[in-house]
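Welcome to a short set of exercises on one protein structure. Keep your viewer open, try each task, and then walk through the solution below it.

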Amino acid sequence: MAGDDLIELKFRLFDGTDIGPNKYDPSTTVASLKEAILARWPQGTEIAPKTINDVKLINAGKILENNWTITESRVPVCELPGGVITMHVVVRPPMLDKNNERLLTKDRKTNRCACTIL
């Protein structure tokens, strides 16, 4: 495969930092891109995804599906020839189970300030 066929991508995280740019084959799936993002995720951040399902990739306002390839998810109008494509990374907050949610609700009630006006 020629190097000209590769697509250069970088991933913008929620805090403004970037992962990449790196070159990828056009047949690479979005799920593979998410795995690469997880492998290169900055250490020591408070919010970090655990699985590819915790990550959403957005390109030109479109949320990309895991089974799409880079070719299928491209928007050629927005791209410059030979330029780097920036995809935005959104991390889904962790889902709470019912027990944890009850505990959080209970904690919120005990930590409230109570003011009395006489």
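**Exercise 1. Strand pairing**

How many bridges join S1 to S5, and do the two strands run parallel or antiparallel?

*Solution.* Start with the ground rules. This is a predicted model, in which local features need pLDDT of at least 70 and side-chain atom pairs count only at pLDDT 80 or more, while totals for chains, interfaces and linings use all residues. Residues are numbered from 1 along each chain as its sequence is written, and side-chain values use heavy atoms, with hydrogens and water left out.

Step 1: find the elements. Helices (H or I, at least four residues) and strands (E, at least two) are DSSP runs, numbered from the N terminus. The protein has 3 helices and 5 strands, in the order β-β-α-β-β-α-β-α from the N terminus on.

Step 2: count the bridges. Two strands pair if DSSP finds at least two bridges between them. S1 and S5 run parallel and are joined by 4 bridges; Leu9 has Ile85 as its bridge partner in S5, and Lys10 stands opposite Thr86.

**Exercise 2. The whole sheet**

Work out the strand order and find the edges of the sheet.

*Solution.* Step 1: add the pairing of S3 with S5, which is antiparallel over 4 bridges. Here Lys56 stands opposite Val90.

Step 2: read off the order. The 5 strands form an open sheet, S2-S1-S5-S3-S4, with mixed pairing. S2 and S4 (62–63) are the edge strands, each pairing on one side only.

Step 3: place the helix. H1 lies across S1, S2, S3 and S5, at about 115 degrees to S3 (axes are lines fitted to C-alpha atoms, for helices over the stretch in contact, and angles run from 0 to 180 degrees between N-to-C directions).

**Exercise 3. The core**

Which side chains of S5 point to the buried face, and which residues have the most contacts inside the largest nonpolar core?

*Solution.* Step 1: fix the scale. Buried means under 20% relative accessible area, exposed over 50%, and partly exposed in between (1.4 Å probe, protein chains only).

Step 2: follow S5. Ile85, Met87, Val89 and Val91 point to one face and are buried, whereas Thr86, His88 and Val90 point to the other and are not.

Step 3: collect the core, a set of buried Ala, Val, Leu, Ile, Met, Phe, Trp, Tyr and Cys residues joined through side-chain atoms within 4.5 Å. The largest one has 19 residues, and Leu9, Phe11, Leu57 and Val89 have the most contacts inside it. Two or more residues come from each of S1 (7–12), S2 (18–24), H1 (30–39), S3 (55–59) and S5 (85–91).

Step 4: inspect Leu57. With contact meaning heavy atoms within 4.5 Å, and residues up to four places away in sequence not counted, Leu57 touches Phe11, Val30, Leu33 and Val89, among others.

**Exercise 4. An aromatic pair**

What geometry do the rings of Phe11 and Tyr24 adopt?

*Solution.* Step 1: recall the criteria. Rings of Phe, Tyr and Trp (its six-membered ring) pair if their centres lie within 6.5 Å; planes under 30 degrees apart count as stacked, over 60 as edge-to-face and the rest as tilted. The whole structure holds 2 aromatic pairs.

Step 2: apply them. Phe11 and Tyr24 are edge-to-face, 6.2 Å centre to centre with 65 degrees between the planes. The pair links S1 to S2, 13 residues apart.

Step 3: check burial. Phe11 counts as buried at 1% relative accessibility, and Tyr24 at 11%.
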